[in-house]
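Q: Could you take me on a close look at one part of this model, the helix packing and the pockets around it? I'd like one connected walk-through rather than a list.

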Amino acid sequence: MEPRQLLDFLHFGERLKSVIRHSVTSENIPESVADHSWRLCLFAFALKDEFKDIDMDKVIRMCIIHDLGEAITGDIPAFDKTDKDRVSEFGLAINKFSSFPAPVSTDFVELYTEMEQQKTKEARFYKALDKLEAVIQHNEADLSSWTEHEKELNLTYGYEYVEEFDYLKKLRDEMKQDTLKKLGRV
């Protein structure tokens with residue numbers, strides 16, 4: 001990759017530092033997509049020894065690029081995102097990735113397509129972590145930042161994604177307990 005191409009690529013990625021998600025940090029600071037993506041990578045890296053049968057380097061690469069489409073579309077909270085939004089974001093991201101120089105373009109398009117299709121264990125694992133990280137962040141945020149809808153959603157969100165991973169099911173159960181404590185229900 002030529003130096004100018006690298007700089008242009010990094011400028012594109014920098015946009016995620018300014019795209020705000022529908023959540024705040026424990027310090028009540030709006031969370032950026034870059035913040036979320038960074039911790040998602042940390043999450044995957046921390047689990048590498050728990051999941052020896054998963055190519056965690058690939059999962060981390062997925063975590064790094066998973067929300068790059070939001071540099072174009074902005075963030076749409078999961079509970080508001082429609083299938084039309086997902087298709088649009090996917091198409092815009094693939095189009096943008098295709099404009100990158102090879103081999104970066106090929107790598108990104110292949111990974112992003114794999115993530116979208118959810119056929120590999122790595123793609124399903126990344127998706128599960130993505131959902132769990134959002135729940136963790138909500139549990140860390142002040143309850144006053146939650147909508148009424150989120151108070152119930154945080155109890156169930158992501159369970160369908162962890163079904164094939166016993167460790168993640170246990171982790172999700174622990175997170176549910178944290179939510180119940182936050183809500184004053186235990």
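A: Let's start with a bit of vocabulary: Ala, Val, Leu, Ile, Met, Phe, Trp, Tyr, Cys and Pro count as nonpolar, Asp, Glu, Lys and Arg as charged, and the others, Gly among them, as polar. Keep in mind, too, that this is a predicted model.

With those classes in hand, take the second largest pocket, whose lining divides into 10 nonpolar residues, 2 polar ones and no charged ones. The residues around this pocket are F9, L10, G13, L16, A34, S37, W38, C41, I64, I65, L68 and F108. They enclose about 270 Å³ of space. Helices α1 (3-14), α2 and α3 each bring at least two residues to that lining, and α2 has the largest share, with 4 residues.

So how do α2 and α3 sit against each other? Their axes are 8 Å apart and make an angle of about 170°. Angles over 145 degrees count as roughly antiparallel, and that makes α2 roughly antiparallel to α3. On the α2 side, the contact is made by S37, L40, C41, A44 and F45, which meet M56, V59, I60, C63 and I64 of α3. Sorted by class, that contact has 9 nonpolar residues, 1 polar and no charged. Some names come up twice here: S37, C41 and I64 belong to the α2–α3 contact, and S37, C41 and I64 also line the second largest pocket.

Zoom in on A44, which lies in helix α2. Its relative accessible area is 0%, so A44 is buried. Setting aside neighbours within four places in sequence, A44 touches M56, V59, I60, C63 and L129. Between the C-alpha atoms of A44 and R61 there are 9.9 Å, with the two residues 17 apart along the chain.

H36 is another residue of α2 (residues 33-46). At 0% relative accessibility, H36 counts as buried too. The company is another matter: leaving out neighbours within four places in sequence, H36 is in contact with R21, E31, H66, D67, D130 and E133.

R61 leads us on to the other partner of α3. Helix α3 (residues 56-65) and helix α6 (residues 104-117) have axes that come within 10 Å and cross at roughly 95°. That value falls in the 65 to 115 range, and α3 and α6 are therefore roughly perpendicular to each other. In this contact, K58, R61, M62 and I65 of α3 meet F108, L111, Y112, E114 and M115 of α6. The class count here is 6 nonpolar, no polar and 3 charged residues. I65 and F108 take part in this contact, and I65 and F108 are also among the residues lining the second largest pocket.

Last stop: the largest pocket, with about 810 Å³ of space. Of the 34 residues that line it, the closest to its centre are A78, K81, D130, K131 and Y157. The elements giving two or more residues to the lining are β1 (20-24), α5 (83-98), α6, α7 (121-140), α8 (148-156) and α9 (159-162). Helix α7 gives the most, with 7 residues. By class, this lining has 13 nonpolar, 7 polar and 14 charged residues, while the second largest pocket has no charged residues in its lining. D130 ties things together: it is one of the residues closest to the centre of the largest pocket, and D130 is in contact with H36 of α2.

Conventions
Residues numbered from 1 in each chain as written. Predicted model: local features only at pLDDT ≥ 70, side-chain atom pairs only at ≥ 80, totals over all residues. Heavy atoms only, no water. Axes fitted to C-alpha atoms, helices over the stretch in contact; angles between N-to-C directions. Parallel < 35°, antiparallel > 145°, perpendicular 65-115°, else oblique. Contact = heavy atoms within 4.5 Å. Buried < 20%, exposed > 50% of the residue type's maximum accessible area, 1.4 Å probe, protein only. 1 Å grid on protein atoms, 1.4 Å probe; cavity = no way out; pocket = protein on both sides within 12 Å on 5 of 7 lines; lining within 4 Å. Points joined across faces, edges and corners; volume = space filled by probe spheres on them.
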